[in-house]
Every structure is written in C-alpha cells, then in structure tokens.
Amino acid sequence: MARRAGVVLWAVWALVACDDEGGAVVDAGPPDAAAVDVGAPDAAGADAVVADAAAPPDAAPPDAAGLDAAPPDAAPLDAAPPDAMAPDAAPPDPPCVDGACPDGLRCVADACVPVCLPDGFEPNEGPLAATPIAVGEAVDGSLCAGDADWLAFEVGAGPVVVDVAFRHARGDLDVQVFDARGRLVGDADSVTDDERVELEAPAPGRYFLRIYGYEQAENTWRVRVDAAPGVAPACPPDADEENDGPEAAAPRAPGRYEGATTCDEDWYRLEACPGRRVTAWARFDHRFGDIDVELYDDRGIRQVRSASTTDDEGVAFRAGRDAPLFLRVFGYGGAINGYDLEISHEGECEVCGDGVVGFPEACDGDDLAGEDCRSLGFDAGALACGADCRRDASGCRYSRCGDGVVEGDEACDGAGDATCAGLGMAGGALGCTADCVWDSSGCEGGQALSGVVTYERPRPVCNPFVEGDPCAEDDCCLRPGDAEVHPVRGARVEIRAADGEAVLATTFTDDEGRYAARWAGEAQVRVAVWAETARPRARVVDNTDGASLYGVLSPFPPEPPLDAAVAGTHDVHLSAGWGPNGFDGPRPASPFALLDTVRTASEAVLAARPALPLVPLTLNWSVLNDRCTGDDAAGCIGTSHWDGQLWILGKADVDTDEFDAHVVAHEWTHAFEATVGRADSIGGSHSSGQLKDPRLAFGEGLASGVAAMVLAPDPVYIDTTGVGASRGFFQDMQDNGRDRNPGWFSEATVRTLLFDLFDDDDEPGDGVALGLGGVLDALLSPEQLETPAFSTLFSLVNAAKAQGDGAAIDALVTTLLAAPPCEVGEGLCGLDPVQDAWGTGETHGGGLPLPVYTPLDVDAPVDVPLRHGGEPDTGPTNWLSSSRFLRFDAGATPRRVRADCPADRDVDLFVYRQGRGVGVRQRDFHRAEPGDQWIDVPAEPGPPLVVVLRADNDDAQPFTCRVTLEALP
C-alpha cells in the first residue's frame, strides 16, 4: 500500500499531546459533523439513526395559528356581495371618533370594524383540515391574527384564476396555492387591495389555497375560483408503479426525481459500494400527509429508518459490502402525499462497460481506478476487472515473510544481494529481520540507535477472581491505579531527520519491544513509532480525524532531537493515561494495546494453521468513540463492532474497550469469520440468557469462545464500562452452569460448548480436546462453509463430528446439557446429540414448535406460528420466536413460496440458498392490504433452499401464517 509519509505524518501530528516520557500521541478532535447522521445495520450489532431535514427551499411558511381553539360562531362579514369581486363594492364602515368605537367594534385605519372572531370554517389551519369550496362560487370568511385559512378546490386541466378580495388598509393578506403533492404552484403578496393567482393546471386534481396575514394581520376576505370544474382522482399512481416491493424496486442513480406519490408503498433499488455513503431524501410537505422512509440491505435487514413528524425524511448509510440497498417510502397510517426523491452518493454513477470508472463501479474494463493488488492490501499479483465492473482479486496474493520471495512492502526476505555498503556504510553484515526489513545493526560506520518501546495496560479484573476486592462487589473493573507494562510488538519504527520529515531508516520492534537501526547520514534524529504491523497486517486509525494512522514521535518538538552519536539508545514508553480514579490524561498506549490484541489473536491462529489467508485489518478507534448512533466521523459508532472494518469504543467514563482484550478479540473473530469463514448472523442486540435467532446465537457465541481460545490460558471474558471503567461483567467459558436458557438458541451454550471442544480439561463427560487447530478445521470445513442450512451450532458440531470425534462429541453434548436449567419452561431447553446441520431429531425448541427447519412440499400448506420477540417500539427481530425456518428442494420448474398472514401483521419473507439471499418481500402492516406475500424462485439445480418467515411487528401478540410451496409453469 502506497504511503504518503510526510502528508500523513503531519496530519497525524498536528494534534498531539505529550506524555511524561517525552513521546507524543495522536488525540485528534472531531471534524465538522456530517449533514446527515447514520448509525450500525440492525444485522452488524448495530442500527443507524436518521437526521430530520430542514424544510425545502420552496416550502410554505409554517402556520402561525394554534390548532386547539374551538370554532366559535362565525364573525359578521362586511365583504362585498357575492356577485362583486372588487373590494370597493363593500359599504363603508363608520369612522373612528378619537379612537373610540361602539361596543363590539375596534378602530383600524380610521374605521370602526368588528372585533375579529373566527369564521364558521374553523379549524381549517392546515391542508388536511382544508374547507372545500366550489368552482365559480364566492365564499366569505375572516382571518384573525396568527391564523391561516386553508381552502380546497377541485379543477380540471387548464387555466385557473384564484381571486381573494379584501381591503388592504384593514390588514394585508397574502395567499399561496399548493397542488395535491404539497408543492407551491402560485402565490401573491402585493401591498394593495386584493390578491390574484393565475396558474395552469396540468391535469384534473385537488389544489389548496392558503390565506394568511402579513405580520399577523387580520381582515375579512372573499374568495372565488374560476376554472373548469374537475374531480380529483383518489390517488393518481406515479410513473414507477408497480414498485410495491423490493423484487420490483425501481432503480435509482444519484439525482432528483419528482412526481412520486404514496398511493401505496414505493421501493427503490440503490447501488452502493463498500465504505461509501449513500444518502436518500424524500422531500415533501408534512402538512399534506406523513411519509416515512426505511433502508434495507439485500438480505432484507432494515439498516436505517426515518420517521419524524416534520417535513422531509432522510436516511444515510455507509455500505459495508458490495451489494444493492433498497429504499422503502410509504405514508404512515396509509397517508397519501406526494414527494420528490433525492439520491446522492460519495462519487459519480457510471455505466458499466463504457471504459470509464464512476460510482458505484470499482473498475471498468482496463480502467482499474488506479488500484492494484497492493493498494487493496495484498502484496503481489494481478488485479482484474469483472464483467460486472467489480474487482476480481482472485489473481492477488499476500506475501509471506519467510518464503524467500520479496513481495509487497517487504524490503527483504532472507538472504539478498543488498550490502551495508549499498546503504552507505563502511561494511559489515546486513541482515533481514523476521518482519522482512533490513537489519542494519550489524553494519559498520554511520549512525546507530536502539531501544525498547513499551506501553501501559490497565488490567481488567473481576471481584470473584481476584483477592483484595479491587472492584465493587460482584462486579468487574479495570484495576484502580494499576497498569502493567507490556512491550510494543511488531510495530513499525522509523528513524527520522530532526525536522521529522525525511525517513533515514525503518525497522519493526521484536517480541520484546526492541528495535535497532543503523543508517548513513545525520545524527540528529527523532524516533517515530506507528500503530501498524506487518505480521499480521493491521493498522489503527482515528475515525474522527480522517482515518489518520496513529503514531508517536519522540522526542516531540519543541524538544530538541536526539544526538545518536552521543546517546546510542532511546526508549519510548506510552502511557495509558490511567490514574487512581480512571483515565485522567492522554492515552497514547490505547492504539498499541489494540494492535497487541490483534497480533496475539492472529499469531495464535497462524500457529495452529499457518496457511490461513488472514486479510489486512483496519481498526477505527478514538477517544470520542461513543455509544451514540449517527456519524462515525464524529465518534458515534453505537458499539464496538465489525462491518468490514473494526470499530472500537473509547469514550472515557462511558465505555472504553481498548484494554478489554476479550472484547477486541471477540470483534476480531467476527472479522475472521466473515473474511475467511462463513457468517450468517443477522446481528442486533443480544445478551446471555436470551433466546435468540440461532444464526445470531452462533455468531456471538463463536466470537466469545474463539476470543478465549486465542487468548488462552485466560478463559474469562471481561468487559468493563462506566465512570473510571469501574463496572462491567464477565463470562467464564469454563462455567457451564451460568446459562439460564441453554440450547441451540443461546450464545452462552455456543461459547461454552465450543470451548469444551477446544480445551483439554479433565471434566466429567468431556473427552474432546480438539485444540484451536481442530476448531478451525471444523469452522473452515466444507460441511460448515457449504451447508445448505444456516451457519448455526448444529452445522458446526456436525462439521466437528465429521473430523472423526463424533462419539466423544455426542457424549460431551449429552453430559453438558443433561439436566439444564430453563427459565422459559421445564423441558424446553437443552441439546440432543447433533445428527446433521438441520438439527434433525432435536427435541428442545425453547418454546417453539419443532423441527428447527420445517419441510415444505409442493401444494402442502404449513401453518407457521409467529410472535415478535422484542419489546414494543424497539423493533428487534432477532429473537427466537420472531422467525421460523422452512426448507424445500429446488425443482426442475420454478417455485413460488407464498405466505398468507393476517392483514394487520407486519411480516417479512425471505428465501436463501446456502446463506445467500435469493429473494425478499416485506409488507407494511399500517395499511389495509391483502395478507399474502410471495417470492418466485427460478429453477436451478442445487442444494435445498431455506425460507425465513419473520414477524416485524412491534405488537408481541402471537399469530399464524400459512406457507405454501407452488410449482410454476
């Protein structure tokens, strides 16, 4: 990967804080917040939050009138007679005498006029309460201060004239005309008597007239509309119909699209590229009807929603993978309104095949957009472009330091032709380090510098495991006032010139944190240490400072540089910023603690299976990273998670995860599962003891279990949080009795069972000791990677049994869950010996009917009970009861999967082939519509397909759907 060292270096060092040892750490402040805030998909641990937009530039001024006034008797009118539109046809009012008027009148512009009383049309302060009037007939009314009167009329296509008659001297009135979609189509705001609006109606329809007082003026008015009469259609469909579901979604490139209506729900397909933000706005006037928007990924998982009670709704999402997104626009409660759609991307859209790269293309023909294998994180090989304008990295490869071939960023790999003399020194032996950079420490002449780089690490502990009660009773914490010193291992070290610009030598620290370098040239230098390793390839960046790489410079200006000819050695120590009461200073140690945990996890896996292709990782960490949802550039990341990159919390006194090694290793395992293995988890909130979707339970249990394996011999997962990191929780992977509801639906069962498969403890019934290598073999076996069922506890145990320890694994399962506790009901929890990836023969359903995957045959309907498992208004759909699985064999002819459900239930239907989505259909329960959904599946030979029927209601009442498999011609 190409580096612009000087640019990055100064960008990083621009905001640093020196520690007590003379080093410096990046601690950048947040950049300007983005205009649209987004947060984590319901599926990565996390949902996104939407920003409400400001009113569009052409929006009407808001009504000033209150809406809770009861309509009194109509006020007397002194307007002109019905057949006269000129305001001077009205009889004169009695003059004011010294400012005094008879009772019931007041003096305005030298005339006594009636005290303003609301007319008989009240309350008509908005378009939804507008008073209907007939074309060609005059209507009289009155406007009181702070009010606005809305009238509705229906006209045919052609010219329309709206006359509003009043006497300007008594109060200045202005008018606006809107179409049925809330768009301003005409207005008049003169400073004379009367206002007139002339417009051309393009089609028969309903229009709205708004009369309001300039600076809250009062007056009486007479309105007459002259036009060809017409009848407004109930709801004219827009040009994109029928786009009523994701399977019929209208494609949308960046731009503005006008003229849509919410006669029913509208779906749009948006292209997206990994790491780029997609933003979509539905622009509308809320007074004409409430519109909401939602954004889904290609698996049917809702990522973002916007449901305000103001004008406009907008969503934004940073795509984590190269797959389309689906935008759903609908009227809340069946509201009918018009809207304009605005789509924007971080880049420009182009047509695949024109040879020019533009968003969302990654490449186009021979144009690779300046990318190659190295820029993508690989070390060598040939990058190609596929016919779909997506990169084909199958020809790329990672270098392996130690294979004798110099590739990528390797300066050397074993013996080479370079010499000390070639580096400008007198002679000696030039070596190659284990990180494949030149070891010039054996050269003669020139300048030399060596030292040790260390960092502080507060140690998480829990009350039950540590004597002296450092934490609150039955709690976990970072040990108060105590931090251990660890070596910074495998980090890139640069010897730089006194000005901090020129790089004179590069090396990496060893496992003891030592570095040594020799170079020809000046002796006045500084030492830069970067949070970046070559083995494994990983880097820690500040997501709140433009993804700048973390680094330290020692001594930091304005301190004078080192004189290597005099000093010879220079140690760098990085403080954790940890004091007796928690974090009380800069934290230069934090990025290096993260790097150390990732290195430990990677080294453990590679020691067990050296050939595994670990991909480069980017870790996003900042002292601003908080639990809020919104713009990750401002630190709102929701929680520590993986979405193509690792995101780690760092907000002091809220939640800091950089020193919670098991938490970091947990997220690292999610990255490993997604990039090397297979990940089917749907994400979302979770905790021990909950009965969850088995895909989520497996993903989270696997991450915690493997975290304990790679950090062995420490089996206790600790997560600290709160003020001074004084609170937290723990999970002991060796404690099989803490699971309140054990079974295939419990992440606690998954993690403890996996750890029992891994460890060699002599426990009753546990005769299995696969070690990390054996667990990895099962995790990456064809039985797991290619299973037609979902990736769950069943599939992994089935894969482990295929490695040859089937009888011992069955005995372990039988012993582990022989008499499990079960809060949800006796006999509902547990696990039978695993027969296959489908969970065949399982007798414990956690309260749900079995089998786990219900067989589905052609023309044989199946009744499927469902119940949304989350709390009302929270929307989680990853509970066990929220989804039911069915399976069917692909046929020689197309198939249709139909779900007939109650019309007032919000139900989603999905079809998967080996964990990948084949089709999705979703329905809004707010509007009255038929209660059936279907997905057509083309004829395609292959493994069985899986159907997921999911309840998406906030209402947790149970209901039943009937699912039918039909053969299509």
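# Helix packing, a pocket and some odd backbone spots

Student: Which residues in H5 meet H6, and which ones in H6 do they meet?
Tutor: From H5 you have Leu754, Leu757 and Phe758, and they meet Gly771, Leu772 and Val775 in H6. By class that makes five nonpolar residues, one polar and no charged ones in the contact of H5 with H6. Keep in mind that this is a predicted model.

Student: Sure. At roughly what angle do the axes of H5 and H6 cross?
Tutor: Roughly 125 degrees, and the axes come within 8 Å. H5 spans residues 747–758 and H6 spans residues 771–779. The angle makes H5 oblique to H6.

Student: Is H6 mostly covered or mostly exposed?
Tutor: Mostly covered, with seven of its nine residues buried. The buried residues are Leu772, Gly773, Gly774, Val775, Leu776, Ala778 and Leu779.

Student: And what do the buried residues of H6 pack against?
Tutor: Quite a list of helices: H2 (590–608), H3 (661–675), H4 (694–710), H5, H7 (782–785) and H8 (793–816).

Student: H8 is on that list. At what angle do H5 and H8 pack?
Tutor: About 90 degrees, with the axes 10 Å apart. H5 and H8 are therefore roughly perpendicular to each other. From H5 the contact uses Thr749, Val750, Leu753, Leu754, Asp756 and Leu757. H8 brings Leu793, Leu796, Val797, Ile809, Leu812, Val813 and Leu816.

Student: How do the residues of that contact of H5 with H8 divide by class?
Tutor: Eleven nonpolar, one polar and one charged. Leu754 and Leu757 of H5 turn up in the contact with H8, and both also meet H6.

Student: OK, new topic, pockets. What volume does the second largest pocket have?
Tutor: About 830 Å³. The lining of that pocket has 34 residues, and Asp179, Ala180, Arg181, Arg206 and Pro236 lie nearest the centre.

Student: Which strands each supply at least two residues of its lining?
Tutor: E7 (148–165), E10 (195–201), E11 (205–213) and E14 (255–261). The largest share, four residues, is from E11. By class, the lining of the second largest pocket has 21 nonpolar residues, six polar and seven charged.

Student: Now the backbone. Which residues does a cis peptide bond join?
Tutor: One such bond joins glutamate 241 and glutamate 242, with omega about 10 degrees. Another joins proline 557 and proline 558, where omega is about 15 degrees.

Student: What makes those worth a look?
Tutor: Most peptide bonds are trans.

Student: Where are glutamate 242 and proline 558 found?
Tutor: In loops. Glutamate 242 is in the loop between E12 (219–229) and E13 (250–252), while proline 558 is in the loop between E38 (551–554) and E39 (562–563).

Student: What about phi at glutamine 216?
Tutor: Phi of glutamine 216 is near 65 degrees, so positive in a residue that isn't glycine. Glutamine 216 lies in the loop between E11 and E12. Its relative accessibility is 51%, and because exposed means over 50%, glutamine 216 counts as exposed.

Student: And glutamine 914, where is it found and what's its phi?
Tutor: Glutamine 914 has a positive phi too, about 50 degrees, and isn't a glycine either. It is in the loop between E54 (907–913) and E55 (916–922). With 31% relative accessibility, glutamine 914 counts as partly exposed.

Student: Let's do leucine 949. Buried or exposed?
Tutor: Buried, with a relative accessible area of 0%. Leucine 949 is in strand E57 (residues 945–951).

Student: What is leucine 949 in contact with, leaving aside its neighbours within four places in sequence?
Tutor: The contacts of leucine 949 include Val864, Leu866, Ala899, Val907, Leu909, Cys961 and Val963. Ser883 is also among them. The C-alpha atoms of leucine 949 and serine 883 are 5.5 Å apart, with their positions 66 residues apart along the chain.

Student: Last one, aspartate 584. Buried or exposed?
Tutor: Exposed, at 59% relative accessible area. Aspartate 584 is in the loop between E42 (582–583) and H2.

Student: What does aspartate 584 touch, not counting residues up to four places away in sequence?
Tutor: Gly577, Trp578 and Gly579. As for glycine 724, 140 residues apart from aspartate 584 along the chain, the C-alpha atoms of the two are separated by 9.1 Å.

Conventions:
Residues are numbered from 1 along each chain as its sequence is written. This is a predicted model: local features need pLDDT of at least 70, side-chain atom pairs count only at pLDDT 80 or more; totals for chains, interfaces and linings use all residues. Side-chain values use heavy atoms; hydrogens and water are left out. Axes are lines fitted to C-alpha atoms, for helices over the stretch in contact, and angles run from 0 to 180 degrees between N-to-C directions. Angles under 35 degrees count as roughly parallel, over 145 as roughly antiparallel, 65 to 115 as roughly perpendicular and the rest as oblique. Contact means heavy atoms within 4.5 Å. Ala, Val, Leu, Ile, Met, Phe, Trp, Tyr, Cys and Pro count as nonpolar, Asp, Glu, Lys and Arg as charged, and the others, Gly among them, as polar. Buried means under 20% relative accessible area, exposed over 50%, partly exposed in between (1.4 Å probe, protein chains only). On a 1 Å grid over the protein atoms alone, a cavity is a set of points where a 1.4 Å probe fits but cannot get out, and a pocket is an open set with protein on both sides within 12 Å along at least five of seven lines; lining residues have an atom within 4 Å of a point. Grid points are joined across faces, edges and corners, and a volume is the space filled by probe spheres set on the points.
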